[in-house]
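Subject: Structure handover

Hello,

Here is the structure for you to look over. My notes follow below it.

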Amino acid sequence: MDEEVGPISGVSRPEWTSEDQFYISDKAKDLLVNYSGILDTNIRSYSVAVRDKAWKIFPYRCIGTFRFLDFSLIRNPAYGEILTRIKRGQKFLDIGCCLGSDIRALLYDGAPACNVFGLDIEAEFINLGYDLFVDEEKLARHHFRITSIFDQTITCPDGTLGDLAGNIDIAHCGAFLHLFEWDGQVRAIEKIISEILVQNPGCLLLGRQKGCKVPGTYNHSFREQKSYGHNETSFKAMWKEIGDRTGTDWKVDFTFEGDLIDGSGESSRLVILKSGSNTEGDRQVVQNFSFKAERVK
Ligand SMILES: C[S@@+](CC[C@H](N)C(=O)[O-])C[C@H]1O[C@@H](n2cnc3c(N)ncnc32)[C@H](O)[C@@H]1O
């Protein structure tokens with residue numbers, strides 16, 4: 001499958017992998033102390049060791065810069081609503097969950113483990129998540145499913161998702177859809193709508209990803225890979241296309257978060273170039289946006 005990405009060699013981004021990048025939100029620190037039982041004084045060395053192992057699996061910027069210790073889902077304006085829904089029994093699936101940080105934030109905030117699941121293509125990320133959060137007794141292994149979202153068989157009765165297929169009320173894609181070009185994003189969302197989410201109005205797909213003020217296909221900042229960067233207009237147009245293809249209707253909220261991708265300073269600005277262009281004017285600063293799509297028909 002062309003969208004799948006695998007480990008690549010020779011990637012060197014020292015500015016993303018130095019220990020100076022270490023950053024942990026207050027919430028993650030609380031969680032590591034009170035949920036995982038890690039001593040405050042050990043958090044930094046512990047986290048750096050996990051980050052270094054994860055970077056070797058795949059050099060995502062969010063890994064190098066410790067974004068897995070700065071939960072993204074809790075910043076979505078719909079966080080309170082989804083937490084309430086999960087506490088009332090709705091099922092949540094984090095797609096491209098990586099170390100499972102957002103899942104642990106939900107559990108720490110009182111979501112029952114029985115309703116919370118993760119899916120990722122890379123089993124080693126799940127293992128490292130257990131190393132980091134030390135919670136195998138609280139969250140059994142079957143809560144994580146290892147597969148590509150594009151695998152044709154995951155939602156078959158004996159496929160990787162099995163019982164979860166068609167039973168998820170809330171799907172989450174954090175820093176995931178932006179790995180793909182327009183067509184890959186459409187295919188992933190179609191799959192989520194037709195085979196993973198419940199077939200009722202009211203179900204949700206929410207997330208956070210990189211976008212640009214000028215939408216288009218951009219070169220990845222350092223990989224031989226392209227992805228589609230959205231603004232509000234293009235994102236809503238993509239959902240209209242998906243609605244037409246799936247015979248569904250969605251109310252889509254879109255919120256740009258500001259100029260910097262992670263708030264850690266000017267040097268963190270990520271600039272990408274429109275695919276096929278060498279023009280300075282086609283360079284765009286990446287901006288994160290949050291979204292919530294709710295099925296209305
Ligand atoms: C950039 S990380 C995002 C991690 C996390 N969700 C966050 O918000 O920081 C992307 C994740 O998607 C996973 N991934 C990539 N391609 C995938 C695919 N085709 N199916 C499922 N997971 C995939 C990667 O292994 C990685 O854990």
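How do the residues of the shell around the ligand divide into nonpolar, polar and charged? This is a predicted model, and its ligand shell has 14 nonpolar, 4 polar and 4 charged residues. In total, 22 residues surround the ligand. Gly-96, Cys-98, Ser-148, Gly-174 and Ala-175 come nearest.

Next, helix α6. This helix runs over residues 101-108. Of its 8 residues, 8 are buried, so α6 is largely enclosed by the rest of the structure. The buried residues are Ser-101, Asp-102, Ile-103, Arg-104, Ala-105, Leu-106, Leu-107 and Tyr-108. Both helices and strands are included in what covers them. The helices include α2 (26-34), α5 (79-87) and α7. The strands include β1 (92-95), β2 (116-120) and β4 (170-174). Just after α6 comes Gly-110, with a positive phi of about 105°.

Helix α7 also packs elsewhere. Its partner here is α3. Helix α3 covers residues 43-57, and α7 covers residues 123-133. Their axes come within 10 Å and cross at roughly 180°. An angle over 145 degrees counts as roughly antiparallel, and α3 and α7 are therefore roughly antiparallel to each other. From α3, the contact uses Val-50, Lys-53, Ala-54 and Ile-57. From α7, it uses Glu-124, Phe-125, Leu-128, Asp-131 and Leu-132. By class, this contact has 6 nonpolar and 3 charged residues, with no polar ones.

Best regards

Definitions and conventions:
Residues are numbered from 1 along each chain as its sequence is written. This is a predicted model: local features need pLDDT of at least 70, side-chain atom pairs count only at pLDDT 80 or more; totals for chains, interfaces and linings use all residues. Axes are lines fitted to C-alpha atoms, for helices over the stretch in contact, and angles run from 0 to 180 degrees between N-to-C directions. Helices (H or I, at least four residues) and strands (E, at least two) are DSSP runs, numbered from the N terminus. Angles under 35 degrees count as roughly parallel, over 145 as roughly antiparallel, 65 to 115 as roughly perpendicular and the rest as oblique. Two residues are in contact if their C-beta atoms, placed from the backbone, lie within 7 Å. Ala, Val, Leu, Ile, Met, Phe, Trp, Tyr, Cys and Pro count as nonpolar, Asp, Glu, Lys and Arg as charged, and the others, Gly among them, as polar. A residue is near a molecule or strand if its C-beta atom, placed from the backbone, lies within 6 Å of it. A residue is buried if 20 or more other C-beta atoms lie within 10 Å of its own, exposed if 12 or fewer, and partly exposed in between; C-beta atoms are placed from the backbone.
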